[in-house]
Amino acid sequence: MIRRYSFMDGDATAPANPQLTLSVLVAGTFVSFQAQLTRALDADFYINKIFADNFITCGGPAQGSIQQNITQTVTAGSFGLTFGYQILSGTVNTNKNRVYNVRINGANVNDGDTITIGSFSVDVELQTCY
């Protein structure tokens with residue numbers, strides 16, 4: 001005989017949506033975009049476009065920018081992707097960046113949006129200068 005037990009104390013909450021964070025990593029002369037997930041998803045998705053401005057001081061003028069217009073694929077089961085830029089203008093040498101102008105699976109995405117990827121609702125966070 002198999003016995004199954006269920007514990008329901010009313011404190012259970014639905015798990016949080018997975019989060020996708022899009023950011024820029026600057027390590028010396030190495031500059032790249034990063035797409036990081038808090039959990040693996042069950043479907044591929046595509047970053048079709050992403051831009052970022054770089055700052056010496058947040059709130060000041062941008063000193064440079066990077067962009068990638070070549071589609072990058074984040075495969076199902078992974079926790080993200082690190083990929084290079086296609087175009088760099090000015091100077092990008094600090095980790096003070098603002099990511100914007102993002103397209104995922106062909107749709108524009110803004111900071112705070114929730115998008116559907118596979119069977120998941122995914123909360124999107126775009127890096128802001130801090």
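Which two residues form a disulfide in this structure? They are C58 and C129, and their sulfur atoms lie 1.9 Å apart. Before I continue, please note that what you see above is a predicted model.

Let me stay with this disulfide for a moment. The count for the structure comes to one disulfide. It links distant parts of the chain: C58 belongs to the loop between β3 and β4, C129 belongs to the segment after β11, and the two are 71 residues apart. The torsion about the S-S bond of C58 and C129 is about -80°, so the disulfide is left-handed. As for accessibility, C58 has a relative accessible area of 29% and is partly exposed. C129, at 22%, is also classed as partly exposed.

The loop that carries C58 brings me to the strands. Strand β3 covers residues 45–55, and β4 covers residues 62–68. Six bridges join β3 to β4, and the two strands run antiparallel. To follow this pairing on the screen, please find F51, whose bridge partner in β4 is Q67. The hairpin of β3 and β4 has six residues between the strands, and in it G59 takes a positive phi near 95°.

Strand β4 also pairs with β7, which spans residues 87–90. Here four bridges join the strands, which again run antiparallel. A pair to look for is I66 with its bridge partner in β7, L88. Is β4 largely enclosed or largely open? Five of its seven residues are buried, so β4 is largely enclosed by the rest of the structure.

I turn next to charged side chains. How many salt bridges does a search of the whole structure find? The search finds one. In this salt bridge the side chains of D53 and R98 meet, at 3.5 Å from N to O. D53 lies in strand β3 and R98 in strand β8, residues 97–104, so the pair ties together parts that are 45 residues apart in sequence. The surroundings of the partners can be described as well. D53 is buried, at 12% relative accessibility. R98, with a relative accessible area of 34%, is partly exposed.

Two further residues deserve a look, beginning with T94. This residue sits in the loop between β7 and β8. Why does T94 count as buried? The limit for a buried residue is under 20% relative accessible area, and T94 has 19% relative accessibility, so T94 counts as buried. The side chain of T94 reaches the backbone nitrogen of K96 at 3.2 Å. Leaving aside residues up to four places away in sequence, T94 touches V26, N54, F55 and Q63.

The second residue is Q72, found in strand β5, which comprises residues 72–74. Q72 is buried, its relative accessible area being 16%. A polar atom of its side chain lies 3.0 Å from the backbone oxygen of I70. With residues up to four places away in sequence again left out, the residues that Q72 touches are F45, Y46, I47, L81 and F83.

To close, I suggest that you keep three features in view as you examine the model. One is the disulfide of C58 and C129. Another is the salt bridge between D53 and R98. The third is strand β4, joined by six bridges to β3 and by four bridges to β7. Thank you for your attention.

Notes. Residues are numbered from 1 along each chain as its sequence is written. This is a predicted model: local features need pLDDT of at least 70, side-chain atom pairs count only at pLDDT 80 or more; totals for chains, interfaces and linings use all residues. Side-chain values use heavy atoms; hydrogens and water are left out. Buried means under 20% relative accessible area, exposed over 50%, partly exposed in between (1.4 Å probe, protein chains only). A polar contact is a pair of N or O atoms within 3.5 Å; within protein, one must be able to donate a hydrogen and the other to accept it, and residues adjacent in sequence count only if both atoms are side-chain atoms. Contact means heavy atoms within 4.5 Å. A salt bridge is a side-chain nitrogen of Lys or Arg within 4 Å of a carboxyl oxygen of Asp or Glu. A disulfide is a pair of cysteine sulfur atoms within 2.5 Å. Two strands pair if DSSP finds at least two bridges between them.
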